[in-house]
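User: Please take a close look at the interior of this model, beginning with its enclosed empty space and going on to the packing around it. I would like one connected account with the cut-offs stated.

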Amino acid sequence: MKLNIQDTFNKELPADKILENSRRQVLDACFSFVTPKKTANPKLIHVSKEMLEAIGLTSENATSEDFLKVFTGNKVLENTHPYAMCYGGHQFGNWAGQLGDGRAINLTEVVHNNKCWAIQLKGSGETPYSRTADGLAVLRSSVREYLCSEAMFHLGVPTTRALSLSLSGNDVLRDVMYNGNPAYEKGAIVSRLAPSFIRFGNFEILAARKQHLILQQLADYTIKHFYPKITSEGKQKHLDFLTEARNRTIDMIIHWQRVGFVHGVMNTDNMSILGLTIDYGPYGWLEGYDLGWTPNTTDNQHKRYRYGNQSHIGLWNLFKLANALYPLIEEVEPLQKILDEYADIYEAKHHQMMKSKIGLFIEDKSDKELIGRLEETLQLTETDMTIFFRNLSYITSEDNFDTAFKKIEDAFYVLDEVEEEIKIHWKDWLNRYLKRLQQETFYDQERKQKMDSVNPKYVLRNYMAQLAIDDADKGDYKLIDELYQLLKKPYSEQPEHEKWFAKRPEWARHKVGCSMLSCSS
């Protein structure tokens, strides 16, 4: 098994001078060297052929003992020096101080086909940043991360990727709902990849500690390796860096909103500096279209990270990043200008995204009102987001209200609840929509194809992931593979998988793992 190893992060940035793997405050460093924990009886459950090829390996490599050992932390690759990153973060709006890679260890960086991939193990043991935790992960959270990161990529959402999913062979103690009832679960390890795992929090911790020289080193390192198009110098370079990070953050959140994804924990330590979806914990897809929904039990009271608030949190987090970069710029006005532009950019992109979802491609000043009325009408009764937008493409300019309504009624969870008053709202909206379609220049079939390319038919609903987890707990991994294959083509009809194009079953409405999840998920 040969990889083209080209480490940069742990060679170009300052390392923790203390080599002991003890929980502590790590000062004057961007990372700490740490060795993954050896496990009792590792077993490979699933591997991504696509990501094997991305880093220069083959399916044959994945069957080797070497592969199993390296990607479960039982062997360190020759000439590599695994490490955990030091970062801080704002958690639920409050500064939490040092956080860091508490259960993630970066193995190495590889280059293949001119692409760089940092390889990280999640759940491979404690680090100096583990605080009071054990640095391990359980099977349920690992299945969710493995399937979701790959599903998101194929949906066209910027994301980290996943290479392999393995059992560690050890049991791990977890309190699933934080209610004082811990139990042992199967331990697991996900090998995940990204060009880099640097977060907003990597910059925040250095600024908070007034380590401005290291802060500049980290910013310059990030620009050099991941924002090579930035060629300006001095303060302008770091302003351009914030601008690009803002734009990537906006694009990521627009994609989340497009497919109905709710991250659940948009703390600044979970925000990638590259605009990638990172850290799949208590995430979820909207079942009923509800701007106020969050999948996170910890956030249930204030709903800070609810679906309808994700764009605002994106801006809030960018304010914290701007504060962290301030020592490199020392001027408030240009930073403020970059942040002030966020709302207009987001609004324009969101408007175009929503137009594409409902198949409107020419400009009309009434479109903003039409979209606003739709978002209000969708919330009058529980309406499945994925099914509604997918089935909307069947409506043609020849339809009337009755025939159009028939095409979307499968999206309602309880059709009997769509009473006369609610139906009046739908009649008003659908009639406006049908009239607006008359202005479009695309034929109905062309418009349907365009709509189907942005409205997925299949997403990883929480109950689907939970079914795969339940089977995996019994040693049956077939459903993991079935879902993995299904979600590689989320916009295709896949008639053989039609059973997954369905509303959340009633048994899953309040089941743990299917409705809301804790940060331990």
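Analyst: A cavity is a set of points, on a 1 Å grid over the protein atoms alone, where a 1.4 Å probe fits but cannot get out; a pocket is an open set with protein on both sides within 12 Å along at least five of seven lines, and lining residues have an atom within 4 Å of a point. Points are joined across faces, edges and corners, and a volume is the space filled by probe spheres set on them. The model is predicted: local features need pLDDT of at least 70 and side-chain atom pairs pLDDT 80 or more, while totals for chains, interfaces and linings use all residues. Residues are numbered from 1 along each chain as its sequence is written, and side-chain values use heavy atoms, without hydrogens and water.

Counting cavities of 30 Å³ or more gives 5. The largest has a volume of about 70 Å³. Its lining consists of 10 residues, and those nearest its centre are Arg103, Lys122, Ser141, Ser142 and Glu145. Helix H5 (residues 139–155) is the main contributor to that lining, with 3 residues. Helices (H or I, at least four residues) and strands (E, at least two) are DSSP runs, numbered from the N terminus.

Among the pockets, the second largest holds about 640 Å³ of space. It is lined by 28 residues, with Pro195, Phe226, Arg248, Leu274 and Leu276 closest to its centre. Strand E6 (104–112), strand E7 (115–122), helix H7 (212–226) and H8 each provide at least two of the lining residues.

Helix H8 (residues 234–259) also gives the most to the largest nonpolar core, with 10 residues. A nonpolar core is a set of buried Ala, Val, Leu, Ile, Met, Phe, Trp, Tyr and Cys residues joined through side-chain atoms within 4.5 Å; buried means under 20% relative accessible area, exposed over 50% and partly exposed in between (1.4 Å probe, protein chains only). The largest core has 137 residues, of which Phe9, Phe203, Trp285, Trp426, Tyr433, Leu460 and Leu483 touch the most other members. Apart from this core lies another of 19 residues, including Ile55, Ala62, Val70 and Leu121.

Phe203, one of those central core members, is a buried residue of helix H6, as are Phe200, Gly201, Asn202, Glu204, Ile205, Leu206 and Ala207. H6 (residues 200–208) is mostly covered, with 8 of its 9 residues buried. These buried residues pack against strand E3 (83–85), E4, E5, H7, H8 and H9. After H6 comes Lys210, which has a positive phi near 60°.

Tyr433, leaving aside neighbours within four places in sequence, is in contact (heavy atoms within 4.5 Å) with Ile358, Leu360, Leu370, Leu392, Ile395 and Met451. Tyr433 and Trp426 also belong to a cluster linked by ring pairs, together with Phe388, Phe389, Phe401, Phe405, Phe412 and Trp429.

Rings of Phe, Tyr and Trp (its six-membered ring) pair if their centres lie within 6.5 Å, as stacked with planes under 30 degrees apart, edge-to-face over 60 and tilted for the rest. The structure has 30 such aromatic pairs. One of them, Phe92 with Tyr305, is tilted, at 5.3 Å centre to centre and 35° between the planes. Its partners are 213 residues apart: Phe92 is in the loop between strand E4 (88–91) and strand E5 (94–98), and Tyr305 in the loop between strand E12 (284–285) and helix H9 (310–329). Phe92 is partly exposed because its relative accessible area is 26%, whereas Tyr305, at 0%, is buried.

Phe261 and Trp285 make an edge-to-face pair, 5.3 Å centre to centre with 65° between the planes. Phe261 is in strand E11 (residues 261–262) and Trp285 in strand E12, so this pair ties together parts 24 residues apart in sequence. Phe261 and Trp285 are buried.

Two arginines sit over rings, meaning that CZ of Arg (or NZ of Lys) is within 6 Å of the ring centre and within 35 degrees of the ring normal. The charged end of Arg144 is over Tyr283, 4.0 Å from the ring centre, and that of Arg161 is over Phe153, at 3.5 Å. Arg144 and Tyr283 are also among the contacts of Asn462, together with Gly284, Glu287, Gly513, Cys514, Ser515 and Leu517, leaving aside neighbours within four places in sequence. Asn462 lies in helix H17 (residues 462–473) and counts as buried because its relative accessibility is 3%.
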